[in-house]
Amino acid sequence: MTKILIIEDNDNIRENVVEILELSGYEVYAADNGKAGVETALKIKPDIVLCDIMMPELDGYGVLHILQKNPETQTTPVIFLTAKAERADIRKGMELGVDDYLTKPFDDLELLRAIEARLKKQELQQLFYGQTAENLNTLISKEDGLVKLKEIMLERSTRHYKKNQYIHYEGDHVTGIYYIISGKVKTVKLTEDGRELITGVYKENDYLDISILFSNDTYNDTTIALEETVLSFLPTEQLDKLLFIYPDVGAKFIKILANDMREKEVRLLQIAYMSVRKRIAQGIVHLVVQHGMDGSSIKFSRDDLAAFSGTSPETVSRTLSDFREEGLIEKTASTIHVLNLDKLSKIKN
C-alpha cells in the first residue's frame, strides 16, 4: 500500500487530509511539525510527502533540505502545502527541488490529482527493480534502446540453470521475459504421450517469451536448458512500463517475434510436407547456421534432433548413419560435424 506522510501544524487541515487519503486507500502518517515529520519520514520511508511551509521548529524548506540529503529519502516526491502563493515563494521551492505546490484552501480532487500525478512520475522513474533514474534517462536518450536494455539486463540479478533443468512449463502463469546471458535453451511442446516437439532453440543474447507482449496469461511452451545457462529476468509489469516509456523497444520486440513466428511456420510446413530425410537435413542446416559452434558443427543430442525434426530418435540414428556414409557429416558423441553444408541443404528425399 502506498505510504503518504502529511506534515502540517494546523490540526483541522491535517486531520481532514488524513481522512481524505485514508478513504482513498492510502496508508497515511501524520506529524504536526517539521522536526517530527523528518523523524517519521526517515523511519517509515514514505512514497510521497505533503508538507506545510510555515511551521514551528523546522519549516518546510528545512524538511525538504534534510530529506534530500538522506540517501533513503532523496528521491521521495515532496508537495508543499501553503497559503503563500507568491511567485517568489514558489520559485524558491522549485529551486530547492520541491515537486509540486498546493495552495490552501484546496479541495479533495486537487489533492488527489496532485498525489496521483507525482506517484505516477515516480513509478516511471523506477523502471527496473534496483535501477536508478539515471539508467532510465540513459536508456531513453539512446537511439538503439534494445542495446541499452541488454546492458541493463546484464546488471540485474541472474538465474543459473543446469543442463536439462526446466525454466518454466507450458501453461504456467506468465511472470515476465528472460534474456540469455550465456548458454542455450530450447522451447518444446509436449504431446499427450510425453514426446517432445522442439519449437525453438535460443542462444546467448536472445530473448525468450516475447509473445507475452500480446498475451500475458500463460506461457505457450515449456522451456528447458540445453546446457549450463545463465538468464536475466524482467518482470511483466516492468516490461509494460518500459514499453510505455520507450515504444521503440516494443517495435523491435515485435520484429523479433515476427521472425520467430515465421521460422516456426516454415518448420511446421517442413514437418507436414517434407520427407523425414529432408526434415532431418534441414534441421541440421538450420541449427548449424543459427547455432553452429564454428560454422560447421553443432552439439545436439539424438533425442533433441528428433524432437526438432518431428520424428523418432531411431529414425534420426539411421538417417545420420546414411549421411555419414554419403560423406555429408561426421559424428562424435553428441556433436555433428557438417562436411558439405550446401549438399546437405539440397537433399530432396
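This is a conversation between a student and a tutor about a predicted model.

Student: How do you know that the span of helix 10 agrees with its number of residues?

Tutor: Helix 10 covers residues 276-291, which is 16 residues. At 1.5 Å a residue these should span 22 Å, and the end C-alpha atoms are 22 Å apart, so the two values agree.

Student: What makes helix 10 largely enclosed by the rest of the structure?

Tutor: Twelve of its 16 residues are buried, so the helix is largely enclosed. Among the buried residues are K278, R279, I284 and H291.

Student: Which sheet does helix 10 pack on, and what makes strand 7 and strand 10 its edge strands?

Tutor: Let's start with the sheet. It is open, has four strands in the order 7-12-9-10, and its pairing is antiparallel. Strand 7 (166-168) and strand 10 (196-203) each pair on one side only, and that makes them the edge strands. On average, neighbouring strands of this sheet are turned by 30° against each other, direction ignored. Helix 10 packs on this sheet, touching strand 9 and strand 10, and its direction makes about 20° with that of strand 10.

Student: How do you know that strand 9 and strand 10 pair?

Tutor: Two strands count as paired when there are at least two bridges between them. Strand 9 (residues 184-190) and strand 10 have seven bridges, in the antiparallel sense, so the criterion of at least two is met. Within this region, K186 stands opposite V201 in strand 10. Helix 11 (residues 302-309) lies across strand 9 and strand 10, at about 105° to strand 10.

Student: Why is the pair of F80 and Y101 called edge-to-face?

Tutor: Ring centres must lie within 6.5 Å to pair, and planes over 60 degrees apart count as edge-to-face. For F80 and Y101 the values are 5.7 Å centre to centre and 75° between the planes, so both conditions are satisfied. F80 lies in strand 4 (residues 78-82) and Y101 in strand 5 (residues 100-103), so the pair ties together parts that are 21 residues apart in sequence. Both F80 and Y101 are buried. Ring pairs also link Y61 with F80 and Y101 into a cluster.

Student: And why is the pair of Y166 and Y169 called stacked?

Tutor: Here the planes need to be under 30 degrees apart. Y166 and Y169 have 15° between their planes and 4.8 Å centre to centre, so the pair is stacked.

Student: Why is Y166 called partly exposed?

Tutor: Partly exposed is the range between the 20% limit for buried and the 50% limit for exposed. Y166 has a relative accessible area of 33%, so it is partly exposed. Y169, at 43%, is partly exposed as well.

Student: What makes R159 a charge over the ring of F233?

Tutor: The distance to the ring centre has to be within 6 Å. R159 lies over the face of F233, at 4.2 Å from the ring centre.

Student: What makes K45 and N205 stand out in the backbone?

Tutor: Most residues other than glycine have a negative phi. K45 has a positive phi of about 55°, and N205 has one of about 80°; neither is a glycine. K45 lies in the loop between helix 2 (34-44) and strand 3 (48-52), while N205 is in the loop between strand 10 and strand 11 (207-208).

Student: Why is the peptide bond from K104 to P105 worth a mention?

Tutor: Most peptide bonds are trans. The one from K104 to P105 is cis, with omega near -5°. P105 is in the loop between strand 5 and helix 5 (108-125).

Note on methods
Residues are numbered from 1 along each chain as its sequence is written. This is a predicted model: local features need pLDDT of at least 70, side-chain atom pairs count only at pLDDT 80 or more; totals for chains, interfaces and linings use all residues. Side-chain values use heavy atoms; hydrogens and water are left out. Helices (H or I, at least four residues) and strands (E, at least two) are DSSP runs, numbered from the N terminus. The expected span of a helix is 1.5 Å times one less than its number of residues. Buried means under 20% relative accessible area, exposed over 50%, partly exposed in between (1.4 Å probe, protein chains only). Axes are lines fitted to C-alpha atoms, for helices over the stretch in contact, and angles run from 0 to 180 degrees between N-to-C directions. Contact means heavy atoms within 4.5 Å. Rings of Phe, Tyr and Trp (its six-membered ring) pair if their centres lie within 6.5 Å; planes under 30 degrees apart count as stacked, over 60 as edge-to-face and the rest as tilted. A charge sits over a ring if NZ of Lys or CZ of Arg is within 6 Å of the ring centre and within 35 degrees of the ring normal.
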